[in-house]
Amino acid sequence: MGAWDNTIWGNDSAADWFCELFEKTKLREKVRECLEMDMNLYCEDIRAAAYILIVLGRTYIWSGVQDLDDDLSLAIKRMEELQQHSYYNLPNDFGNHLKYETAILKHRLDKDYKLPTTMEFKNWWLSFLK
């Protein structure tokens with residue numbers, strides 16, 4: 001079938017490559033394991049695992065559509081818990097970052113979920129390109 005989309009993952013070759021990557025590295029299993037860890041001991045690790053879903057949590061990249069929905073749901077739940085955790089309850093910008101990260105995960109799970117359109121969000125998202 002070849003290419004069906006102009007995205008990096010929207011072609012047979014890339015989809016196969018991602019599938020092989022997930023099979024060989026067990027990346028999905030490692031992310032899932034981390035998302036299930038104790039929040040009090042591993043809050044930073046949990047946020048890092050959720051970030052993997054922000055970047056790679058897409059159909060044709062993640063290993064299996066049902067797995068993707070399950071993992072996105074878990075990541076959203078854990079990110080919402082992080083927002084309440086004392087570690088991130090500081091007078092700084094952590095709260096907004098966690099909200100933005102959670103919003104992206106929610107949008108990945110439900111395309112009808114609206115992402116923030118503020119300039120602050122756009123600048124936050126673009127900061128990852130630096």
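**Figure 1. The outward face of helix α1 in this predicted model.** On the side of α1 that points away from its buried residues, you will find the exposed residues Ser13, Asp16, Trp17, Glu23 and Lys24. Glu23, which belongs to helix α1, is counted as exposed because its relative accessibility is 52%, and the cut-off for exposed is over 50%. Follow Glu23 to a partner from another part of the chain: Ser63 is 40 residues away in sequence, yet the two C-alpha atoms are 8.1 Å apart in space.

**Figure 2. The buried side of helix α1.** Here we turn to Ala14, Ala15, Phe18 and Phe22, the buried residues of α1. They sit on the same side of the helix, because the arc they cover around the axis is only 100 degrees. Their packing partners are α2 (27–35) and α3. The helix itself runs over residues 12–25; at 1.5 Å a residue its 14 residues should span 20 Å, and the end C-alpha atoms are indeed 20 Å apart, so the two values agree.

**Figure 3. Two loop residues with positive phi.** Lys26 and Tyr60 make a nice pair to look at side by side. As a reminder, most residues other than glycine have a negative phi. Lys26 is not a glycine, but its phi is positive, at about 60 degrees. You can find Lys26 in the loop between α1 and α2, where a relative accessibility of 45% makes it count as partly exposed. Tyr60, also not a glycine, has a positive phi of about 80 degrees. Tyr60 is placed in the loop between α3 and α4, and with 46% relative accessibility it counts as partly exposed.

**Figure 4. Helix α5 and what covers it.** Helix α5 takes in residues 94–109. Its 16 residues should span 22 Å at 1.5 Å a residue, and its end C-alpha atoms are 23 Å apart, which agrees. The buried residues of this helix are Leu98, Tyr100, Glu101, Thr102, Ala103, Ile104, Leu105 and Arg108. Charged side chains are on that list too: look for Glu101 and Arg108. Among the elements covering these buried residues are α3, α4 (65–84) and α6.

**Figure 5. Phe121 and its contacts.** Phe121 is found in helix α6. Is Phe121 buried or exposed? Its relative accessibility is 7%, so Phe121 counts as buried, the cut-off being under 20%. Leaving aside residues up to four places away in sequence, Phe121 touches Tyr100, Ile104, Leu115 and Pro116. Two of these contacts, Tyr100 and Ile104, are also listed among the buried residues of α5. Lys99 lies 22 residues from Phe121 along the chain, and their C-alpha atoms are separated by 9.8 Å.

**Figure 6. The largest pocket and its lining.** This view centres on the largest pocket, with a volume of about 240 Å³. Its lining is made up of 14 residues, and those that lie nearest the centre are Ile54, Val55, Arg58, Arg108 and Trp125. Two elements, α3 (39–56) and α6 (119–126), each give two or more residues to this lining. Which element gives the most? That is α3, with 4 residues. If you sort the lining by class, you get 12 nonpolar residues, 2 charged residues and no polar ones. Arg108, one of the residues nearest the centre of the pocket, is also one of the buried residues of α5.

Methods: Residues numbered from 1 in each chain as written. Predicted model: local features only at pLDDT ≥ 70, side-chain atom pairs only at ≥ 80, totals over all residues. Heavy atoms only, no water. 1 Å grid on protein atoms, 1.4 Å probe; cavity = no way out; pocket = protein on both sides within 12 Å on 5 of 7 lines; lining within 4 Å. Points joined across faces, edges and corners; volume = space filled by probe spheres on them. Expected span 1.5 Å × (residues − 1). Buried < 20%, exposed > 50% of the residue type's maximum accessible area, 1.4 Å probe, protein only. Arc of directions from axis to C-beta. Contact = heavy atoms within 4.5 Å.
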